[in-house]
Amino acid sequence: MNINWKKYVDQIYCIRYIGEDQYRKTKCDEEFKRLGIFDSGIYFEFTNINSPFYKDIYYKFFDKFNKEHPYSYVTDCTFGHYYCLKHAQFHNYERVLLLESDCVFLKDENQIIELLERSKKVMDKDENSIFILNSCYSECPPVTFILPTEFKINFYKRN
């Protein structure tokens, strides 16, 4: 079975990291091969760097908050995500799949397709839809997700 990724997204991004260990790289590559991501024709790999500029930017913009939340790798990661989203915007992609190199997919491809199909139904109805399907590693990771029927954000309302 092959997943037709183009049916669901315009581009698949994977954020890799300078200095990534070989085990992580190998596992990620195995998953992408297994699911046909490398052969999808819409795969883009971004290698993120650790830069002293990221730290400078963080402290310049978030100085009043940094006492409680000091600079960490999360800032570097955020810049990688930002780059990919800006790249997608520049290329007018409407739907993107943004992955990191430590992602692990469900074993059952039918479940993956079911999630993609259900996500697509929501996205077809709601132009502001966004899905974040995430599971931290555990001995018994979740295998089922309940997707909303719609997703809306009022960007003009201040929370």
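The structure, a predicted model, holds zero disulfides. Cysteine 14 illustrates the point nicely: the closest cysteine sulfur, in cysteine 28, is 4.2 Å from the sulfur of cysteine 14, which is too far for a bond, given that a disulfide requires sulfur atoms within 2.5 Å. Cysteine 14 is buried, its relative accessible area being 0%. Cysteine 77 likewise takes part in no disulfide, and the nearest cysteine sulfur, belonging to cysteine 84, is 9.9 Å away. With a relative accessibility of 14%, cysteine 77 counts as buried.

Turning to the aromatic residues, the count comes to eight aromatic pairs. One of them joins phenylalanine 32 and phenylalanine 38 in an edge-to-face arrangement, with 5.6 Å centre to centre and 80° between the planes. Phenylalanine 32 is buried at 0% relative accessibility, whereas phenylalanine 38, at 30%, is partly exposed. A further pair is made by tyrosine 54 and phenylalanine 79, whose ring centres are 4.4 Å apart and whose planes meet at 10°, so this pair is stacked. Tyrosine 54 belongs to helix H2 (residues 52–62) and phenylalanine 79 to helix H3 (residues 73–90), so the pair ties together parts that lie 25 residues apart in sequence. Here too the partners can be described by their accessibility: tyrosine 54 counts as buried at 13% relative accessibility, while phenylalanine 79 counts as partly exposed at 23%.

Beyond pairs, there is also a cluster to point out: Phe32 and Phe38, introduced above as an edge-to-face pair, form one aromatic cluster together with Tyr43.

Terms used:
Residues are numbered from 1 along each chain as its sequence is written. This is a predicted model: local features need pLDDT of at least 70, side-chain atom pairs count only at pLDDT 80 or more; totals for chains, interfaces and linings use all residues. Side-chain values use heavy atoms; hydrogens and water are left out. Rings of Phe, Tyr and Trp (its six-membered ring) pair if their centres lie within 6.5 Å; planes under 30 degrees apart count as stacked, over 60 as edge-to-face and the rest as tilted. Buried means under 20% relative accessible area, exposed over 50%, partly exposed in between (1.4 Å probe, protein chains only). Helices (H or I, at least four residues) and strands (E, at least two) are DSSP runs, numbered from the N terminus.
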